[in-house]
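Got your viewer open? Load the model, switch to a cartoon view, and let's walk through it together.

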Amino acid sequence: MMMAGHRLIVPAIADYEVRRELERVGRRQGLAQLDAFTTARADRYLALSDQALRLAAQLWGQARNAGITNR
């Protein structure tokens, strides 16, 4: 996608999810690659506020209650 000119942004929550699994399985190289990717450009990592996380949790709960899943 980047070769096609698209900009990729890694939200903090996605970084957390990937990072915790890499930590769990001891993939040091994977952690280094994740760090390199997210720091390669100043605008590549999207920090999240507590307010954004609370809204995300609320929307996730509403979607699940409506029968919408990610699978």
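Here is a tour that starts with the whole chain and then goes residue by residue.

**Stop 1: the whole thing.** Keep in mind that this is a predicted model. Colour by secondary structure, and you should find three helices and two strands. Start at the N terminus and follow the chain along: the order of elements is β-α-α-β-α.

Now zoom out and turn the C-alpha trace around. Along its principal axes, the trace spans about 40 × 30 × 25 Å. How does the radius of gyration of the protein relate to that of a compact globule of 71 residues? The globule would come in near 11 Å, but the protein has 15 Å.

**Stop 2: the surface.** Switch on a surface view. About 6,000 Å² of the protein is exposed, and carbon and sulfur atoms supply 56% of that area. As for the inside, buried residues account for 13% of the 71 residues. If you'd like to draw contacts, take those between residues at least 6 apart in sequence: 59% of them join residues at least 24 apart.

**Stop 3: aspartate 15.** Go back to the cartoon and select residues 12-25, which is helix α1; aspartate 15 is found there. Is aspartate 15 buried or exposed? It counts as buried, because its relative accessibility is 7%, and the cut-off for buried is under 20%. Show the neighbours next. Leaving out residues up to four places away in sequence, aspartate 15 touches Val10, Leu34, Thr38 and Tyr45.

**Stop 4: leucine 34.** One of those neighbours of aspartate 15 is Leu34, so hop over to it. Select residues 28-39 to light up helix α2, where leucine 34 lies. Leucine 34 has 12% relative accessibility, so this residue counts as buried too. What does leucine 34 touch, once residues up to four places away in sequence are set aside? The answer is Asp15, Val18, Arg19 and Leu22. For a distance to try, pick the C-alpha atoms of leucine 34 and leucine 46: they are 14 Å apart in space and 12 residues apart in sequence.

**Stop 5: two more residues on α2.** Stay on helix α2 and click glutamine 29. Glutamine 29 counts as exposed, because its relative accessibility is 60%. From glutamine 29 to arginine 19 it is 11 Å, C-alpha to C-alpha, with their positions 10 residues apart in sequence.

Then click aspartate 35, also in helix α2. Aspartate 35 is partly exposed, with a relative accessible area of 35%. Try a line from the C-alpha of aspartate 35 to that of isoleucine 68: the two are 32 Å apart in space and 33 residues apart in sequence.

**Stop 6: a charge over a ring.** Show the side chains of arginine 44 and phenylalanine 37. The charged end of arginine 44 sits over the ring of phenylalanine 37, at 4.1 Å from the ring centre. If you go hunting for aromatic pairs as well, the count for this structure is zero.

**Stop 7: helix α3 and what follows.** Finish by selecting residues 50-65, the 16 residues of helix α3. From first C-alpha to last, α3 reaches 23 Å, close to the 22 Å expected at 1.5 Å a residue. Which residue with a positive phi follows α3? Select glycine 67, where phi is near 85°.

Key. Residues are numbered from 1 along each chain as its sequence is written. This is a predicted model: local features need pLDDT of at least 70, side-chain atom pairs count only at pLDDT 80 or more; totals for chains, interfaces and linings use all residues. Side-chain values use heavy atoms; hydrogens and water are left out. Rings of Phe, Tyr and Trp (its six-membered ring) pair if their centres lie within 6.5 Å; planes under 30 degrees apart count as stacked, over 60 as edge-to-face and the rest as tilted. A charge sits over a ring if NZ of Lys or CZ of Arg is within 6 Å of the ring centre and within 35 degrees of the ring normal. Helices (H or I, at least four residues) and strands (E, at least two) are DSSP runs, numbered from the N terminus. The radius of gyration is taken over C-alpha atoms; the globule rule is 2.2 Å times the number of residues to the power 0.38. Buried means under 20% relative accessible area, exposed over 50%, partly exposed in between (1.4 Å probe, protein chains only). Contact means heavy atoms within 4.5 Å. Accessible areas come from the Shrake-Rupley method with a 1.4 Å probe; for residues, only the protein chains shown count as cover. The expected span of a helix is 1.5 Å times one less than its number of residues.
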